[in-house]
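Colleague: I should be grateful for a close look at the surroundings of the ligand. Please take the account step by step, as for a first-year student.

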Amino acid sequence: MPPTPGSGGLKETISDYVSNNKVMVFSKTTCPFCTKVKELFKSLNVSFQVLELDQQANGSEIQNALLEITGQRTVPNVFVAGQHLGGCDDTLKAHKEGRIQQMLNMGTSYDYDLIVIGGGSGGLAASKEAAGLGKKVAVFDFVKPTPIGTTWGLGGTCVNVGCIPKKLMHQAALLGHGLTDAGKFGWEVPEKVQHNWTTMKDAIQDHIGSLNWGYRVQLRDKKVDYHNAYAEFLDEHTVKAVNKKGQEIKKTANHFVLAMGERPRYPDIPGAKEYGITSDDLFSLPYCPGKTLLVGASYVSLECGGFLHAMGLNVTIMVRSILLRGFDQQIAEKIGDFMELEGVKFIRPCVPTKIEKLEDGQPGKYRVTGKYDDGMEFTDEFNTVIFAIGRDPCTSTIGLEKVGVKTNKNGFIPVDEEENTNVTNIYAIGDICEGKPELTPVAIQAGRLLANRLYGLGKERTDYINVPTTVFTPLEYGCIGYAEEDAIKKFGEDKLEVYHTNFWPLEWTVAKRPENSCYAKLICLIPEKEKVIGFHVLGPNAGEITQGYAVAMRLGATKADFDATIGIHPTCTETFTTMNVTKRSGMDTQQAGC
Ligand code: FAD
Ligand code: NDP
């Protein structure tokens with residue numbers, strides 16, 4: 001018999017049972033389902049430990065503690081190799097799918113419990129969490145150089161060629177705007193202030209270098225083996241990996257987490273790869289890009305176009321159809337209007353058809369030819385052409401076909417709500433997953449919770465609903481939940497009340513910035529007491545503003561909750577506590593100055 005749990009620390013006692021026994025069954029002597037499970041393990045010839053809760057004085061308390069830990073109060077409550085398996089049906093199903101045998105093999109015949117392919121946001125989170133839970137873990141991370149040879153260190157897209165350098169360059173842009181405002185507030189700023197690209201780029205790259213180093217140290221401290229090599233499946237428990245010197249190693253693992261992320265796409269037009277670059281090159285470009293064309297009209301294009309223009313460059317954005325597909329289109333257009341007001345040129349609807357080199361140099365000079373929707377030709381000369389036309393998942397060259405992991409026609413991996421692929425021991429997280437938001441915190445959460453479910457007592461799943469996000473154009477746009485057109489499509493216009501207002505940030509008044517560019521909108525569902533299902537803010541610090549409201553929306557906040565909340569004055573965010581104009585009323589929301 002196992003020791004009887006003491007009165008204190010029931011959860012710890014349960015945890016001890018689970019970690020000290022390969023198979024642990026919390027059972028009751030009278031339960032026929034428990035008997036079935038015990039018979040299954042007997043037939044498998046597997047040694048297992050049973051705690052009969054109806055024979056324990058504190059059996060009911062143990063059931064309560066199990067409920068807290070696993071979300072399940074009923075018996076049998078089964079754990080295999082430290083993982084919570086579930087009840088009778090779950091156990092029989094896992095046996096039928098061969099998962100119990102796999103779980104029992106953990107760590108015995110493989111080099112690692114877990115191999116993670118991809119050392120970006122998701123992969124690092126999963127590997128550190130799994131190692132923290134006592135598992136033997138390896139991460140393979142390798143960056144294939146861009147067509148012009150750019151490469152980078154450990155940490156993936158976010159750290160090296162995504163969120164981090166992007167936000168720092170956005171900050172450089174905001175400082176530029178601040179310098180203009182400063183004069184109005186009495187600072188004697190020289191009339192001609194110039195931005196130095198190389199100084200900014202070097203400082204940002206130094207910071208990124210320190211982050212790369214920090215990740216290596218964290219992996220070492222957590223005893224995660226880091227292999228700077230490109231991994232490819234040989235079978236469902238084995239990968240081979242090749243480093244930049246061409247040396248090859250083979251490693252095996254019980255579980256695999258795929259977290260390979262995406263890389264930018266190039267259009268299939270003459271000159272694209274020879275003369276164009278992408279965001280993968282921009283943040284470490286050794287020279288100022290000069291007059292720049294950005295092709296594409298989503299996050300990457302508008303953000304990069306925004307900061308380059310604020311640094312004093314001549315910027316054109318070529319738009320195939322709409323701005324910011326998938327986002328609230330009223331606000332997307334407002335972003336475009338503001339950028340246009342600032343001097344960014346938009347060419348739309350138009351696609352490029354070829355790029356020709358006119359001059360070598362750093363930067364060089366290129367002629368771009370394009371075609372408008374009506375067949376008219378576009379042509380202009382630029383120093384730099386940046387393609388931001390979407391990103392492809394890195395799933396085509398890692399041997400997924402050898403192990404049978406399914407992808408959709410665009411290469412994304414379908415996963416269920418627990419990040420399972422169609423192959424039992426292989427999971428996928430982050431940008432490579434079909435239909436999930438492609439954002440760093442989403443990849444991190446998915447990696448962390450997956451490792452916890454696999455190796456800890458965790459039951460929590462990543463909640464992919466109401467994920468907040470911000471587009472860091474110089475005028476930031478933060479949103480949570482439904483775009484207005486999507487809400488109308490889903491619920492019908494008559495079920496929605498949309499509150500909205502323009503606002504003029506106090507700090508913009510003295511600075512003489514536009515009165516009606518900033519905007520706030522709440523989309524509320526009438527039949528559910530005006531529950532807020534869409535939150536949109538266009539204005540300074542929208543990222544900072546939006547995060548807190550994401551908590552409120554998770555908790556199901558209604559318009560009345562927003563109204564009852566006392567604002568912080570004077571801020572932009574207080575606008576959300578005082579909104580009283582509905583779109584239906586047709587009342588004007590324009591600010592008319594002081
Ligand atoms: P990644 O971080 O891309 O990591 C994957 C890693 O796996 C890479 O290092 C890759 O080289 C490596 N790899 C691929 N194949 C193999 C293989 N076979 N073997 C070994 N290694 C391999 N998100 C936000 O939340 N906020 C932002 O502000 C933001 N800004 C962005 C700006 C830009 C310009 C871009 C491009 C993206 C931005 N994102 C932002 C998105 C964010 O960067 C991604 O969602 C996030 O990095 C995805 O993490 P991941 O773990 O899925 O993949
Ligand atoms: P998206 O896939 O979101 O957008 C691609 C854009 O390129 C669209 O405007 C599309 O137009 C256009 N396009 C596609 N093909 C062509 C073509 N052949 N010629 C001309 N235009 C074309 O890609 P992004 O690269 O902007 O972003 C990728 C992901 O990265 C985002 O989904 C986002 O999750 C993440 N990200 C997050 C950021 C943040 O959190 N702030 C910042 C940057 C990226 P059309 O609408 O006509 O299809």
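Modeller: Helices and strands are here DSSP runs, numbered from the N terminus, with at least four residues for a helix and at least two for a strand. The model discussed is a predicted one.

With these terms, the shell around ligand 1 can be described by element. At least two of its residues come from each of α6 (121-132), α7 (156-161), α8 (163-184), β8 (229-235) and α15 (440-455). The largest share, four residues, is supplied by α7. In total, 34 residues surround ligand 1, and the closest are Asp141, Phe142, Thr157, Lys166 and Asp431. Sorted by class, this shell contains 18 nonpolar, eleven polar and five charged residues.

The protein backbone also takes part in contacts with ligand 1. A polar backbone atom of serine 121 lies 3.3 Å from an oxygen atom of the ligand. For glycine 122, a polar backbone atom is 2.8 Å from an oxygen atom of ligand 1. In threonine 440, a backbone N or O atom is 3.0 Å from an oxygen atom of ligand 1. Taken alone, ligand 1 exposes 1000 Å², of which the protein buries 93%.

As for covalent links between cysteines, the structure holds zero disulfides. Cysteine 88 is buried, at 6% relative accessibility, but its sulfur is 7.6 Å from the closest cysteine sulfur, in cysteine 31, and therefore too far for a bond. Cysteine 524 is likewise buried, at 0% relative accessibility. Its sulfur is 15 Å from the closest cysteine sulfur, that of cysteine 479, which is too far for a bond.

Definitions and conventions:
Residues numbered from 1 in each chain as written. Chains lettered and ligands numbered in written order. Predicted model: local features only at pLDDT ≥ 70, side-chain atom pairs only at ≥ 80, totals over all residues. Heavy atoms only, no water. Disulfide = S-S within 2.5 Å. Buried < 20%, exposed > 50% of the residue type's maximum accessible area, 1.4 Å probe, protein only. Near = heavy atom within 4 Å. Polar contact = N/O pair within 3.5 Å; in protein donor to acceptor, adjacent residues only side chain to side chain. Areas by Shrake-Rupley, 256 points an atom, 1.4 Å probe, with all protein chains shown as cover. Nonpolar A, V, L, I, M, F, W, Y, C, P; charged D, E, K, R; others polar.
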